[in-house]
Structures are given as structure tokens and as C-alpha cells.
Amino acid sequence: MSTRTAVITGASSGIGAATARHLAAAGYRVILTARREDRIEALAAELTEAGHEAVAHALDVTDRAAVDAFARTVDGPVEVLVNNAGGALGSDPVATADPADWRTMYEVNVLGTLHVTQALLPALTGSGDGTVVVLSSTAGLATYEGGGGYVAAKHGAHVIAETLRLELCGAPVRVIEVAPGMVRTDEFAVTRFRGDEEKAAAVYAGVAEPLTADDVADTIAWAVTRPSHVNIDLLVVRPRAQASNYKVHREL
Ligand code: 8X3
């Protein structure tokens, strides 16, 4: 079987890095992209050392010219694109939130996904069997106080997946949305709370087993490796202790 290629954005840490590991193990040549070149170079070296095919390409998905230049470097067809780059900034109510935070979140979660998807769509279609994965969030399906700009941005990512699936119906490209709930990663909550480790830790306080990046990556790899006529439209993945954004079992 010829080599199949998967491009993963935000592959420097968390769900992106874990997804790169899972897809490499599933036999894909993985192209890792993220802003932090040292991290993706290290991961590519680790995967190569383990006998997989992996390359790194530094990329800021909000920079359209850089995304287009990256797409030109991608050799041949692309079977899988995982739009993972994203994140939250702040937890302020709508009344007082900083519009700059909202703009940043829209840029990375929505426009970043748009840029990379547009740039790689010819290579995905050209593969004859392409898959676009959009990492949204349970914040893309429901809202909560203080979720504000993140909830708005993730609803945007959700809508990209829904719309693209309609528009590509008949083309050889699936669109899969994975919407994780509470996932404990090294960076998500710390970034949201601007480096405040205490606030970040409080998100997971008393929750026996929040999801890990590996749990979500496993889910993504499962959805991607279904037979190509099977389109997993939307997977909502939460830890057992979380029944909704509001209902979290904590043992304190
Ligand atoms: C992360 C889930 O609950 O912090 O995408 O919005 S939540």
C-alpha cells in the first residue's frame, strides 16, 4: 500500500502531539505543524527514530500566506487533515471580556481551520479518499457563563464542519468533527487563565479522571481509520465524571 499522508496542526503538545503519535502508529506519514518548531522537530525525530515517517513544518495557522506557502511544500496527495490548533483565552463574562481575546480565539479556532482546510482541499480531494477532522469542543455545541469568546469560536468551528460536509457531499472527502469535553492537557487551562496554575488546576479539582490527550487522539484515530465510506459526523467525548458542561462529579 502506498504511503498515506496526515497533516496535523497544533502538533507541538496536547491532543495534536498525541494524534500525531496515533496516526504514525496507524501507518500514516505525519506532517507536524505548529508555531513552536523545536517541539515539532523533537516529536518528528522521536517518531522517525521509532521507525515512522514524520516531518515537521513550523506554521502559524492564522497567517494565510504562510499556510499557502506550506501547502505548496506538501508533496502529492493528503489523505488526512486534522485541524487541531486552537485554544481558549480568558473566562470573562460577555459584559467585560476583552474584544482582543475574542479576535485571537476567532483567528486561531475558526480562521486557522478555514485557512488550512482551504489550502489543502485540492490535495485532499486529489487523494481520492480524503478526511478532514475538525477538533471543536463541547463548547461548540452548548454554552456556559464565562465561556464567551471561546464558546463563540468553537461554535464557528462546529459550523465549518457542518457546512463543509454539506458542500463536499459527492466529493471523496469525509468531514469528521470531534468535540471533547473536559480534557486535562499541559497547556489548555493554563493558557486560558494566562499562566495562573492555581486557576487552571481548579478546573479539574476532584475529578478522578479527566480525559487525557491520548484518549482524544485514540478517538480521532478510530474515526479516521473507519472504512472510507463511513463518515463519523460528530463524536462528543467526555470523561465519565462529566455529564454536561455543568454537571461534573467532583470528590473534594
Ligand atoms: C474545552 C472544553 O468545557 O473548557 O474545549 O469549554 S470547555
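Glutamate 187 counts as partly exposed, at 23% relative accessibility. (Buried means under 20% relative accessible area, exposed over 50%, and partly exposed in between, with a 1.4 Å probe and protein chains only.) This residue sits in the loop that runs between strand S6 (173–180) and helix H6 (188–192). Helices here are DSSP runs of H or I with at least four residues, strands are runs of E with at least two, and both are numbered from the N terminus.

A quick word on the ground rules. This is a predicted model, where local features need pLDDT of at least 70 and side-chain atom pairs count only at pLDDT 80 or more, while totals for chains, interfaces and linings use all residues. Residues are numbered from 1 along each chain as its sequence is written, and side-chain values use heavy atoms, leaving out hydrogens and water.

Back to glutamate 187: Arg36, Arg39 and Glu187 are tied together in a network of salt bridges. A salt bridge, for this purpose, is a side-chain nitrogen of Lys or Arg within 4 Å of a carboxyl oxygen of Asp or Glu. Glutamate 187 also shows how far the chain can travel: valine 173 is 14 residues away in sequence, yet the two C-alpha atoms are 31 Å apart in space. Set that beside valine 216 and valine 183, which are 33 residues apart in sequence and 8.1 Å apart in space, C-alpha to C-alpha. Valine 216 belongs to helix H8 and is buried, with a relative accessible area of 0%.

**Salt bridges**

The count of salt bridges comes to nine. One of them joins the side chains of arginine 4 and aspartate 129, at 3.4 Å from N to O. This pair links distant parts of the chain, 125 residues apart, with arginine 4 in strand S1 (residues 4–8) and aspartate 129 in the loop between H4 and S5. Arginine 4 is partly exposed, at 21% relative accessibility.

Other bridges stay inside a single helix. Aspartate 68 and arginine 64 meet in a salt bridge at 3.1 Å, N to O. They are four residues apart in helix H3, so about one helical turn separates them. Both ends are partly exposed: aspartate 68 has 27% relative accessibility, and arginine 64 has 29%.

Helix H5 has a pair of this kind too, since glutamate 162 and arginine 165 both lie there, three residues and about one turn of the helix apart. Their closest N and O atoms are 3.6 Å apart in the salt bridge. Is each partner buried or partly exposed? Glutamate 162 is partly exposed, at 36% relative accessibility, whereas arginine 165 is buried, at 16% relative accessible area.

**Helix packing**

Two packed helices are described by the angle between their axes and the distance between the axes. The axes are lines fitted to C-alpha atoms, for helices over the stretch in contact, and the angles run from 0 to 180 degrees between N-to-C directions.

| Helix pair | Angle between axes | Axis distance |
|---|---|---|
| H3 (residues 64–73) and H4 (residues 99–126) | about 30 degrees | 9 Å |
| H1 (residues 14–25) and H8 (residues 213–224) | roughly 50 degrees | within 8 Å |
| H4 and H5 | roughly 20 degrees | within 7 Å |

H3 and H4 pack at an angle of about 30 degrees, which makes H3 roughly parallel to H4. H1 and H8 cross at roughly 50 degrees, and that makes H1 oblique to H8. For H4 and H5, crossing at roughly 20 degrees, the outcome is that H4 is roughly parallel to H5. The cut-offs: angles under 35 degrees count as roughly parallel, over 145 as roughly antiparallel, 65 to 115 as roughly perpendicular, and the rest as oblique.

What about handedness? The crossing is right-handed for H3 and H4, for H1 and H8, and for H4 and H5. Right-handed means that the near helix is turned clockwise from the far one by less than a right angle, and left-handed means anticlockwise.

**Loops**

Most residues other than glycine have a negative phi. Arginine 194 has a positive value, with phi near 50 degrees. Its place is the loop between H6 and helix H7 (197–203).

Leucine 141 is another loop residue, between strand S5 (130–135) and helix H5 (148–167). Leucine 141 is partly exposed, with a relative accessible area of 35%.
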